[in-house]
Amino acid sequence: MDNPAVAQVLREVADLLEIKGDNPFKIRAYRNAADIVANHPHEVAGLDVLALREIPGIGKDLAARIRELVDTGELGYHRELVAEFPPSVLDLLGLQGIGPKTVATLYRDLGVRTVDDLERAASEGRVRQIRGMGAKKEALILKALEERKRHAGRHLMPDMKDLAATLVDFLAQNAAGTHLQSVGSLRRGTETCGDIDILACGAEPSLMDVFVSHPLVERVLGRGETKSSVRLKDGVQADLRLVPSSSRGAAMQYFTGSKAHNIALRDRAVGQGLKLNEYGLFRTADDTLVAGDTEEGIYRALGLAWIPPELREGHGEIEAAAGGLLPALVARQDLRGDLHTHSTETDGKDDVRAMIEAAQAAGLEYVAITDHSRALAMANGLDETRALAHASRIRSLDGHQGVRVLAGIECDILADGTLDLADDCLASLDLVVASVHSSFAQDKRQMTDRLLRAIDNPWVDILGHPTGRLLLKRSPYAFDLEAVLDAAARRGVAIEINCQANRLDLCDVQARFARDRGVRLVVSSDAHSRRAFRRLDWGVTVARRAWLQPVDILNTRTFDAFVPLLRRHQR
DNA sequence: GCCGTTTTCGGCCCGACTGTTTTCAGTCG
């Protein structure tokens, strides 16, 4: 059992305890333990009880429970809880506005066990009859169900990338010499993906048996000579396609898409007396093969430069490739700094020193520690006094392991657009990321004014996760993006591409729009633990899909070149 | 359930908002 699997069970125990109404501190202990395990550098399965107990937050009970789990693959305590509440009720917690108490009430009073049960109950008007609920709550539930339906079958890109990598590794161990590659929306780097497509070039047909026998496979949907489909846990569908090596490029191109890109490409081929399909590029007149074993060859034969998969969305990339105008896209190794991270001073999992060391390990030259401000009480946010004391401790670590360190803050933008901390405090810090964490329901006018007012504050350097969306869960708040971007461009405030898997905020289209309006962007991890610097990959994917080049992103600069570009140093 | 140089009990991050109340419960962050 690996760490994510252990963490998952602990998290389920916490959720079930919460539904049950158990001691909140016990719930926190389980949730905390789940985070610890998920972020632990070693596999907990390899640690004995004593070693487990040395981890802060893991005591006698949790150490024993974790051992039981990794030794037997099961947890008796978990089983007991599942006997009280069917595990399907955990799905209800994923609905916006539905928490553990509501789940417990719905189960107890209406026998709601599944999302489908809830939908029936709400649409039949039974929810409003429960004490403590009313017509508005029922409408809220129906809206949350509607949102969920809209996102059904979609999954976050980073999760799917990990899953695809697991499958590809497994296949690679069983098919030496085969070229394996995940294609489809995963290769293009879209923020959410519906399924996993894997291409195997030059493999034996027996690879299909290996594929359908993977432990994660729940059901085999189809098994053929060249294509098999399976359903994995969490309902993810994965397809494996076998193609001959001679068609590798054509198949990669075809299965990577997007549909719009492929249609435009085939249209271009037809105009040149050619025909493009998943087997190759052929002359229409006599069916001779023109290209097929590499993608580059296909694009070249069509008079185009090779187009990076992230751009293949039918958003002008073919015209750009024809005119030699494709951007030299930013890559992960172009990032030299991270401008949004948290430490144990607020809700981070690792202290400042560990975060700096992790930044160094991630190949960064500089990092800003930007803990929360006081309005985020749940995160133990900092007031002015604590912020300044924290800043001086952060600065004392400047240069640790050769990393330049900025003492910053992620300061809340309050409902009226003022900032959560006094200007003189913000002025004494090295960098201020301003973000909205409350009052999401304001109308468009209010929210726009709020953001504009925040941007007017001379000590705001970066606007953090600007739209507030949570992928597959919450829509962006209503505001005039164009007005905010124009103000940011005018004032020299940078706009963040937040790398959290469920944020990716700004998104690709908006980031491209922002750049075109003269806004400067940053790519920041918003890391709450030392392992989370990995997320920078995902933000870079967004940036690439936004056609961004290194010059468009402030934190590709060296430290000395970057600092003067901060808004506070511009006059 | 964890923790401890205020140590084996009694603490443990909490404020804003919403909808349901008629003084509060639930959710979110």
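The exercises below, each followed by a worked solution, deal with a predicted model.

**Exercise 1. An aromatic pair**

Decide how the ring pair formed by Tyr 366 and Phe 562 is to be classed, and find out which parts of the chain the pair ties together.

*Solution.* Begin with the general idea that a pair of aromatic rings is described by two quantities, the distance of the centres and the angle of the planes. In this model the count of aromatic pairs comes to seven. For the pair of Tyr 366 and Phe 562, the ring centres are 5.1 Å apart and the planes stand at 20 degrees, so the pair is stacked. The cut-off used in this step is that planes under 30 degrees apart count as stacked.

Next, locate the two residues: Tyr 366 belongs to strand 12 (residues 366-372), while Phe 562 belongs to helix 23 (residues 559-562), so the pair ties together parts that lie 196 residues apart in sequence. Then look at accessibility, where Tyr 366 has a relative value of 0% and counts as buried, and Phe 562, also with 0%, counts as buried. Finally, ring pairs link Tyr 366 and Phe 562 with Phe 559 into a cluster.

**Exercise 2. A residue of strand 12**

Determine whether Thr 370, a residue of strand 12, is buried or exposed, and list the residues with which Thr 370 is in contact.

*Solution.* The relative accessibility of Thr 370 is 0%, and the cut-off for a buried residue is under 20%, so Thr 370 counts as buried. For the contacts, neighbours within four places in sequence are left aside, and what remains is Leu 339, His 340, Thr 341, His 342, Gly 408, Ile 409, Glu 410, Leu 431 and Val 433.

**Exercise 3. Two residues compared by their surroundings**

Describe where Phe 211 and Ser 245 are placed, and work out whether each of them counts as buried, partly exposed or exposed.

*Solution.* Take Phe 211 to begin with, which is placed in helix 11 (residues 207-212) and, at 1% relative accessibility, counts as buried. Along the sequence Phe 211 and Leu 171 are 40 residues apart, yet their C-alpha atoms are 6.7 Å apart in space. Leu 171 is also among the contacts of Phe 211 beyond four places in sequence, together with Val 217, Ser 228, Val 230, Ala 238, Asp 239 and Leu 240.

Now turn to Ser 245, which is placed in the loop between strand 7 (237-243) and helix 12. Its relative accessibility is 46%, a value between the cut-offs of 20% and 50%, so Ser 245 counts as partly exposed. Not counting residues up to four places away in sequence, Ser 245 touches Cys 201, Gly 202 and Asp 293. His 315 lies 70 residues from Ser 245 along the chain, and the C-alpha atoms of these two residues are separated by 30 Å.

**Exercise 4. The backbone**

Find where the peptide bonds from Gly 257 to Ser 258 and from Asp 505 to Leu 506 lie, and state what can be said of the phi angles of Leu 504 and Asp 526.

*Solution.* It helps to recall that most peptide bonds are trans and that most residues other than glycine have a negative phi. The bond from Gly 257 to Ser 258 is cis, with omega near 0 degrees, and Ser 258 is found in the loop between helix 12 (248-256) and helix 13 (259-271). The bond from Asp 505 to Leu 506 is cis as well, with omega near 5 degrees, and Leu 506 lies in the loop between strand 16 (494-498) and helix 21 (508-516).

Leu 504 lies in the loop between strand 16 and helix 21, where its phi is positive, near 40 degrees, and at 0% relative accessibility Leu 504 counts as buried. Asp 526, although not a glycine, has a positive phi of about 55 degrees. Asp 526 is placed in the loop between strand 17 (521-524) and helix 22 (536-545), and with 3% relative accessibility it counts as buried.

**Exercise 5. A pocket and a charge over a ring**

Describe the second largest pocket, and then find the ring over which Arg 474 lies.

*Solution.* The space in the second largest pocket is about 350 Å³. Its lining has 14 residues, of which the closest to the centre are Gln 96, Lys 143, Glu 147, Arg 474 and Ser 475. Sorted by kind, the lining residues are seven nonpolar, three polar and four charged. Arg 474 lies over the face of Phe 440, at 4.0 Å from the ring centre. A further case is Arg 65, which lies over the face of Tyr 77 at 4.1 Å from the ring centre.

Conventions. Residues are numbered from 1 along each chain as its sequence is written. Chains are lettered from A and ligands numbered from 1 in the order in which they are written. This is a predicted model: local features need pLDDT of at least 70, side-chain atom pairs count only at pLDDT 80 or more; totals for chains, interfaces and linings use all residues. Side-chain values use heavy atoms; hydrogens and water are left out. On a 1 Å grid over the protein atoms alone, a cavity is a set of points where a 1.4 Å probe fits but cannot get out, and a pocket is an open set with protein on both sides within 12 Å along at least five of seven lines; lining residues have an atom within 4 Å of a point. Grid points are joined across faces, edges and corners, and a volume is the space filled by probe spheres set on the points. Ala, Val, Leu, Ile, Met, Phe, Trp, Tyr, Cys and Pro count as nonpolar, Asp, Glu, Lys and Arg as charged, and the others, Gly among them, as polar. Rings of Phe, Tyr and Trp (its six-membered ring) pair if their centres lie within 6.5 Å; planes under 30 degrees apart count as stacked, over 60 as edge-to-face and the rest as tilted. Helices (H or I, at least four residues) and strands (E, at least two) are DSSP runs, numbered from the N terminus. Buried means under 20% relative accessible area, exposed over 50%, partly exposed in between (1.4 Å probe, protein chains only). A charge sits over a ring if NZ of Lys or CZ of Arg is within 6 Å of the ring centre and within 35 degrees of the ring normal. Contact means heavy atoms within 4.5 Å.
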